[in-house]
Amino acid sequence: MLQARARWNISETDERQADVLAKELDISPLVARLLVGRGMTDKEHAAAFLYGGTDHIHDPFLLDGMESAVIRIRQALERGEKIRVYGDYDADGVSSTTLMVHLLRQLNASFDYYIPHRVLEGYGLNKSAIDLAHEQGIQLMITVDTGISAVAEIAYASELGMDVIVTDHHEPPEILPEAYTIINPKKPGCPYPFKQLAGVGVALKLAQALLERWPEELLEFAAIGTVADLMQLLGENRVIVRQGIKRMQSSSNWGIRALLDVAGIQLKDANSTHIGFALAPRINASGRLNNADDAVKLLITEDQQEAETLAYELDSLNKERQRIVDEMTKQAMSMVEEQKSAGLKKVIVLAHEQWNVGVIGIVASKLMDKFYRPTIILGIDKETGMAKGSARSIAGYDLYQALTHCHDLMEHFGGHQAAAGMTLSRDHLPELERRLNVLADEWLSAEDFIPIIHADMNGSLDEVGVETIRQLEQLGPFGMGNPMPKFVFSNVGCQEMRTIGKEQQHIKMTLMKSKEEAAVALDAVGFNKASVLPWISTTASLDVLGELSINEWNGVRKPQLMIQDIRIPNIQLFDWRGVARLDSKLNDLSDRLRQLNDTQEEGKLPSLLTFHPDDKQLRMKYSKHYPIWGLNASGSGSCVPCNELARQQKFTSVTDLVLYDLPDSVPTLEQAISSASHVQRWYAVFSGSLQQQGTLPNRDMFKTVYGAVQKQGDSVLKASYFVEALSKRSGHSKDVITFMLDVFIELGFIKRTSEGYAPMPSPAKKDLSTSKLYQMRQQSLEVEQTLLYSTAQQLVEWLLHLQYQKKPSLEEII
């Protein structure tokens, strides 16, 4: 067995509805099933999702404040007033600023743009930046992706005679700033029907209103910000991103072309995944480590060489960002490991003076993914003692509400359920951690600490092909709210398991159908899942949850599964028979069990099951290090502790059990296995050998030996001479001859005298099988044949039969 990392929630699909939808829209049954599983059960909604275009774009003037914003901007254009676009340093803010620059260029405006420095100025409007704008003669300021909470700053700008138009998409506070006008679909009373626009989406609507048309030339910038800011790719966002990606695939923008090039992506292949994992990190790196101006310059330049230079610089910054994140993550992981000795807390709060506040959100996400707990990472300013933090949360723990309960400890905070930021004195960190954990005790159950993965449906390997995956692309673009379809493939075997990657942190394997079915294979890759590989035996039947993609190499296109999670529902057998270094195997298993069960008191060590508890070598080598169990001498079949480590735990807590040595008989092993139904993983060592060795003679061989004893007559040979002579004549070994003579003595057919072997007069008829010696030899050979010479697959099938209380003999399985 192997527990999945997450709880799997597999959607149920109404096959009848899917069939109807497939016929009505002339789409494949697979796509229809996926649409129905995602709640699009009628033709109208499904068609709008698949084919919806500008006919599903809303009137920009439905946004409250849009009309007055358009009037004021046109007034500024007519008067030649100087306009400043005030943006933000993340990818949404950069793309929003970029979009406005391209728009105002079209309108021949007198304008410039400004993005605050993340470290030196922080988020949003600030008075120093407003003073600078005033000194430079700015008369109209348009904020993008920011401004909704800047009450004091906008009031200050008004005092200086500047008008401020706020365009934002963040949650509005109770008190709104007294700006010239505010455009935000989430503003109370705003009738705009789609509330999930990104900051760049709101800027796009302003462009649509000013140009009095749908601004297709600006869509690629809107797509970048919408995907990068993790907005739901549904409704209007879906149209923006789909059309934006289409334009991007033939983009004439030198910045986008150069950025895709340094990321190794061909222009024609650009998609939402590339935006999220290639473009956005490079754009964000500028604002995280330097100044976001470089990212804006890249996307607005009309010079190819400048674009290529800036793209290279952003790529270098992103590599430096990755290095810093890796270093900080390792530090944070070490801090968590140190805390584990006192018990891992439900909310992780870590702070350090040397941590770069530009990447703390990424580190928080990595730790939350690793430990699946609400996590806050803070960088402390050594001079001021102020800590600036970023938080990420799990389902069931609302970060914004939790921080609201601690508002008195912080100078600033903001965010939503899953992410937040805050600033507070380092002196308040212990109390913040205490309060957040008290809330976690109240709000979270044990189950909440297990993540949930939603899968669309169960799949079959023989249904997977390049054409199948091509059909899935109809559901794109994929992202938040519209994830890549996930499939569960159950009861599949795996071959060619190996680690890959620079640090061997990823895994690759080939998934196969079971032996009884047609040979179908599917390559599968799991990123950062190398730790799972040692827990998968070569005979395991896996359930794998993942996303399908196409892997293209040297012109060959093959389907591939990107593994999200793995589970093994049945017991596993690891074949350790004949391993050269058992000690090393056990040490490695112990280390992995400690990591797997780091929150449990028991089950941290593998246990050994012995059928010979008096074995001195066993006691000397392993008794001090591993729990050792043996069969109850009463014959009840239960296992009893054989050393102090075993006595310190319950047998029912044992998950990993090593079959250390050979039993006297197969039924004895069956008894032991039946008493250990809780064991998840078995390790077959079967070291040592049984006392009974050699072959089991057949009846003709017994007749030959008995006849030789009878033919001696009065000239009885000494026992040793007799055995040696008979061995030479028959070709059987002396041990086998001696064994048969001992069986005849036990059954009363012959006797051994001081002179040699002699037949008994008129012996009673007895079958050979009634001899205890014969039975022991028979059992010994059965044990060796079945346990030492069977395949691992045969052994695991036998274990599975025993688990499900079907008890054929191992010989029947073989």
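In the predicted model, helices α1 and α2 cross with right-handed geometry. Helix α1 comprises residues 15-25 and helix α2 residues 29-37, and their axes come within 8 Å at a crossing angle of roughly 125 degrees. The two helices are therefore oblique to each other, since an angle of this kind falls outside the range over 145 degrees that counts as roughly antiparallel and outside the 65 to 115 degrees that count as roughly perpendicular. On the α1 side the contact is formed by E15, Q17, A18, L21 and A22, which meet P29, A32, R33, L35 and V36 of α2. By class, the contact of α1 with α2 has 7 nonpolar, 1 polar and 2 charged residues.

A second helix pair is formed by α5 (residues 91-106) and α9 (residues 219-228), whose axes come within 8 Å and cross at roughly 165 degrees. This angle makes α5 roughly antiparallel to α9, the cut-off for that class being over 145 degrees. The crossing of α5 and α9 is left-handed. From α5, residues A91, D92, S95, T98, L99 and H102 take part, and they meet F221, A222, I224, G225 and A228 in α9. The contact of α5 with α9 has 6 nonpolar, 4 polar and 1 charged residues.

L99, one of the α5 residues in this contact, also belongs to the largest nonpolar core, which has 76 residues. Together with M100 and L206, L99 is among the residues with the most contacts inside that core. Helix α8 (residues 199-211) supplies the largest share of the core, 9 residues. Beyond four places away in sequence, L99 touches V200, A203, L204, A207, L218, F221 and A222. Two of these partners, F221 and A222, are also listed among the α9 residues that meet α5. A second, separate core has 61 residues, including A18, L25, F487 and L582. A18 is likewise one of the α1 residues that meet α2.

Elsewhere in the chain, P627 lies in the loop that joins α20 (616-622) and β21 (628-631). P627 has a relative accessibility of 1% and therefore counts as buried, the limit being under 20%. Contacts of P627, leaving aside residues up to four places away in sequence, are made with L605, P606, S607, L608, N643, L645, A646 and Q649. For one of these partners, N643, the C-alpha atom is separated from that of P627 by 6.5 Å, the two residues being 16 apart along the chain.

How values were computed: Residues are numbered from 1 along each chain as its sequence is written. This is a predicted model: local features need pLDDT of at least 70, side-chain atom pairs count only at pLDDT 80 or more; totals for chains, interfaces and linings use all residues. Side-chain values use heavy atoms; hydrogens and water are left out. Axes are lines fitted to C-alpha atoms, for helices over the stretch in contact, and angles run from 0 to 180 degrees between N-to-C directions. Helices (H or I, at least four residues) and strands (E, at least two) are DSSP runs, numbered from the N terminus. Angles under 35 degrees count as roughly parallel, over 145 as roughly antiparallel, 65 to 115 as roughly perpendicular and the rest as oblique. A crossing is left-handed if the near helix is turned anticlockwise from the far one by less than a right angle, and right-handed if clockwise. Contact means heavy atoms within 4.5 Å. Ala, Val, Leu, Ile, Met, Phe, Trp, Tyr, Cys and Pro count as nonpolar, Asp, Glu, Lys and Arg as charged, and the others, Gly among them, as polar. A nonpolar core is a set of buried Ala, Val, Leu, Ile, Met, Phe, Trp, Tyr and Cys residues joined through side-chain atoms within 4.5 Å. Buried means under 20% relative accessible area, exposed over 50%, partly exposed in between (1.4 Å probe, protein chains only).
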